[in-house]
Amino acid sequence: RLVDSGGGLVHPGESLTLSCSGEGVELSWYDVTWYRKTPGSTDEEAVAWETTFSGTGYADSVKGRFTISRDDAENTVYLHITRVVLEDSAEYSCYATTLNPLAGRVSLWGQGTHVHVSA
């Protein structure tokens, strides 16, 4: 499974780092995407991804402020958020997927971690 953590209350302009840790899964084998869902919305927005096919990428809404990184030794993928704005308030979840030669497509979701930005 995936365990998301690092959310909390932050103020505009501050920074924070979210973590997506693999428990029982080797995250280095997976493509990982961070999604967020804002309050009252039914849509998930992909904000940052690191995939074998597409490389590293970011949504236009976060480009320049969000950075995705991996630490294979810690079996963790991070989302570094800088210069937080009110619109960053959301539930953030990581999504990991891989193509297993025996099991086929394997996909996992983290449970989510909430970021609340308040002035």
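Start with the whole chain in cartoon view: from the N terminus on, its elements run β-β-β-β-β-β-β-β-β-β-β. The radius of gyration is 14 Å, close to the 14 Å that the globule rule gives for 119 residues, so the protein is as compact as a globular protein of that length. What you have open is a predicted model. Counting the elements gives 11 strands and zero helices.

**The whole protein**

Keep everything selected and turn the model. The C-alpha trace spans about 50 × 30 × 25 Å along its principal axes. Now switch to a surface. The protein exposes about 6,400 Å², and carbon and sulfur atoms supply 52% of that area. Of the 119 residues, 39% are buried. Among contacts with a separation of 6 or more, 54% are between residues 24 or more positions apart.

Next, colour by charge. There are 8 positive and 16 negative charges, and the mean positions of the two groups are 4 Å apart.

**Salt bridges**

How many salt bridges does a search of the whole structure find? The search finds six. Several of them are visited below.

Select R1 and E23. These two form a salt bridge, with 2.9 Å between the closest N and O atoms. R1 belongs to the segment before strand 1 (2–5), while E23 sits in the loop between strand 3 (16–22) and strand 4 (31–37), so the pair, 22 residues apart, links distant parts of the chain. Check the surface around each partner: R1 is exposed, with a relative accessible area of 59%, and E23 is partly exposed at 39%.

Now select R36 and D88. Their side chains meet in a salt bridge of 2.9 Å, N to O. R36 is in strand 4 and D88 is in the loop between strand 8 (76–81) and strand 9 (90–100); the two are 52 residues apart and link distant parts of the chain. Are R36 and D88 buried or exposed? R36 is buried, with a relative accessible area of 6%. D88 also counts as buried, at 1% relative accessibility.

Keep R36 and D88 shown, and add E45 and R65. These four residues, R36, E45, R65 and D88, are linked in a network of salt bridges.

Move on to E50 and R70. The closest N and O atoms of this salt bridge are 2.4 Å apart. E50 lies in strand 5 (residues 45–51) and R70 in strand 7 (residues 66–71), so the bridge ties together parts that are 20 residues apart in sequence. R70 is partly exposed, with a relative accessible area of 25%.

**Two backbone angles**

The last stops concern the backbone angle phi. Most residues other than glycine have a negative phi.

Select N75, in the loop between strand 7 and strand 8. What is the phi of N75? The angle is near 55 degrees, a positive value in a residue other than glycine. N75 is buried, with a relative accessible area of 16%; the cut-off for buried is under 20%.

Then select R83, in the loop between strand 8 and strand 9. R83 is not a glycine, yet its phi is positive, at about 50 degrees. With 47% relative accessibility, R83 counts as partly exposed, because exposed means over 50%.

Conventions: Residues are numbered from 1 along each chain as its sequence is written. This is a predicted model: local features need pLDDT of at least 70, side-chain atom pairs count only at pLDDT 80 or more; totals for chains, interfaces and linings use all residues. Side-chain values use heavy atoms; hydrogens and water are left out. Helices (H or I, at least four residues) and strands (E, at least two) are DSSP runs, numbered from the N terminus. The radius of gyration is taken over C-alpha atoms; the globule rule is 2.2 Å times the number of residues to the power 0.38. Buried means under 20% relative accessible area, exposed over 50%, partly exposed in between (1.4 Å probe, protein chains only). Contact means heavy atoms within 4.5 Å. Accessible areas come from the Shrake-Rupley method with a 1.4 Å probe; for residues, only the protein chains shown count as cover. Lys and Arg count as positive and Asp and Glu as negative; His and the chain ends are not counted. The place of a charge is taken as NZ of Lys, CZ of Arg, CG of Asp or CD of Glu.
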